[in-house]
Amino acid sequence: MLSIENLSVKVEDKIVLKDINLNINIGEVHVLFGPNGAGKSTLINTIIGNPKYKVVEGSIYFKGRDITDMPIYERAKLGIGLAYQNPPGVPGVKLRDLLKIISKVKWEEIERMAEILNFKDFLDRDTNVGFSGGEVKRSEILQIFAQNPDFIMFDEPDSGVDVEKIKLLGRVINHLLDKDKKPADRKKSGLIITHMGHILEFINVDRAHVLYNGIIACSGGPEEMLNTIIKYGYERCIVCYQKRN
Ligand SMILES: Nc1ncnc2c1ncn2[C@@H]1O[C@H](COP(=O)(O)OP(=O)(O)OP(=O)(O)O)[C@@H](O)[C@H]1O
């Protein structure tokens, strides 16, 4: 579904990502760990096509097409979606109206998902205006559900979310990524950024990567990787990288 080859990215005048290679197949969900400032949000902003992030080398392919220079709206049309870490408030635009504009699914389905997310009362509020940290995350997930993309990126879907809602959001994300279907019926793929492992208890993740100082330092099984980070810290990932190179 998504293939990244030798990607280096500049933000302002700073090279933030260096020689990134990543493959995410149909039906797979990958998770991205890494310390603050490592470049995780930069990577997903580059995949979605945020023009602030300049590709200086390498290519991004989606569904076999080179999208490296494609504008953000074309990528969205092709089926890439992003649930933002800190989306802006949109004063004057009710969440209900925004959902109706962006929606590719029936309104009844959106209402059902809003009910599952315990978020129906928010449909008539201005989008993300005055929403708490956890409410913003549910708003983003409802918008992603409405857009129904094939490849979904979640930038810290668990930050600022209480323990009960983490379970709820984890289960909904697992559903949005088709992970509650049989492997042969899975059509979606995803990339999740998280600092905490708790949400991963509810999402069936295939592979994990550690982004460290702009490089993918380590890749492997999500559980083992998380346990290693908790036990030894991110420094251990650099040892893994040095052994490989
Ligand atoms: N618009 C920008 N202008 C200047 N520097 C930027 C910009 N966006 C990102 N950076 C820098 O790029 C580096 C990587 O930032 P990024 O947000 O990708 O990190 P991250 O791994 O997502 O961190 P966190 O876990 O704290 O969210 C940081 O040093 C950051 O300051």
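The legends below accompany close-up views of a predicted model, beginning with the whole chain and moving on to individual elements.

**Figure 1. The protein chain as a whole, with its eight helices and 12 strands.** In this predicted model, the protein chain has an average pLDDT of 93, and 98% of its residues score at least 70, while the model scores are ipTM 0.95 and pTM 0.93. The C-alpha trace spans about 55 × 40 × 40 Å along its principal axes. A compact globule of 245 residues would have a radius of gyration near 18 Å, and the protein chain, with 18 Å, agrees with that expectation. Of the 245 residues, 40% count as buried. Among the contacts that join residues at least 6 apart in sequence, 71% are between residues at least 24 apart.

**Figure 2. The shell of residues around the ligand.** The ligand is surrounded by 13 residues, and the closest are Asn36, Ala38, Lys40, Ser41 and Thr42. Two elements, β2 (14-24) and α1 (40-48), give two or more residues each to this shell. The element that gives the most is α1, which contributes three residues. Sorted by class, the shell holds three nonpolar residues, six polar residues and four charged residues.

**Figure 3. Helix α1 and its surroundings.** Of the nine residues of α1, eight are buried, so this helix is largely enclosed by the rest of the structure. The buried residues of α1 are Lys40, Ser41, Thr42, Leu43, Ile44, Asn45, Thr46 and Ile47, and Lys40, Ser41 and Thr42 are also among the residues closest to the ligand. Just after the helix, glycine 49 takes a positive phi of about 95°.

**Figure 4. Strand β3 between its two parallel partners, β10 and β11.** Strand β3, formed by residues 29-33, is mostly covered, with five of its five residues buried. Val29, Val31 and Phe33 point one way from the strand, whereas His30 and Leu32 point the other way, and all of these residues are buried. With strand β10 (residues 189-193), β3 pairs in the parallel sense over four bridges, and in this pairing leucine 32 stands opposite isoleucine 193. Four bridges also join β3 to strand β11 (residues 207-212), again with the strands running parallel, and here valine 31 stands opposite alanine 208.

**Figure 5. An open sheet of four strands with antiparallel pairing.** The strands follow one another across the sheet in the order β2-β1-β4-β5. At the edges stand β2 and β5 (65-66), each with a single partner strand, so one side of each is left without a neighbour in the sheet. The partner of β5 is strand β4 (residues 53-62), and these two pair in the antiparallel sense over two bridges. Within this pairing, phenylalanine 62 stands opposite arginine 65. The edge strand β2 also appears in the view of the ligand, where it is one of the elements that give two or more residues to the shell.

**Figure 6. Asparagine 148 in the loop between α5 and β9.** This loop connects α5 (133-147) with β9 (151-155). Asparagine 148 has a positive phi of about 50° although it is not a glycine. There are 16 other C-beta atoms within 10 Å of asparagine 148, which is therefore partly exposed.

**Figure 7. Aspartate 178 and lysine 181 in the loop between α6 and β10.** Aspartate 178 lies in the loop that runs between α6 (163-176) and β10, and its phi is near 65°, a positive value in a residue other than glycine. Aspartate 178 counts as buried because it has 20 C-beta neighbours inside 10 Å. Lysine 181 is placed in the loop between α6 and β10 as well, but with 13 C-beta neighbours inside 10 Å it counts as partly exposed. From lysine 181 the view can be extended to glycine 27, which is 154 residues away in sequence and 9.8 Å away in space, C-alpha to C-alpha. The strand that follows this loop, β10, is one of the parallel partners of β3 shown in Figure 4.

Key: Residues are numbered from 1 along each chain as its sequence is written. This is a predicted model: local features need pLDDT of at least 70, side-chain atom pairs count only at pLDDT 80 or more; totals for chains, interfaces and linings use all residues. A residue is buried if 20 or more other C-beta atoms lie within 10 Å of its own, exposed if 12 or fewer, and partly exposed in between; C-beta atoms are placed from the backbone. Two strands pair if DSSP finds at least two bridges between them. A residue is near a molecule or strand if its C-beta atom, placed from the backbone, lies within 6 Å of it. Ala, Val, Leu, Ile, Met, Phe, Trp, Tyr, Cys and Pro count as nonpolar, Asp, Glu, Lys and Arg as charged, and the others, Gly among them, as polar. pLDDT is the predictor's confidence in each residue, from 0 to 100. The radius of gyration is taken over C-alpha atoms; the globule rule is 2.2 Å times the number of residues to the power 0.38. Two residues are in contact if their C-beta atoms, placed from the backbone, lie within 7 Å.
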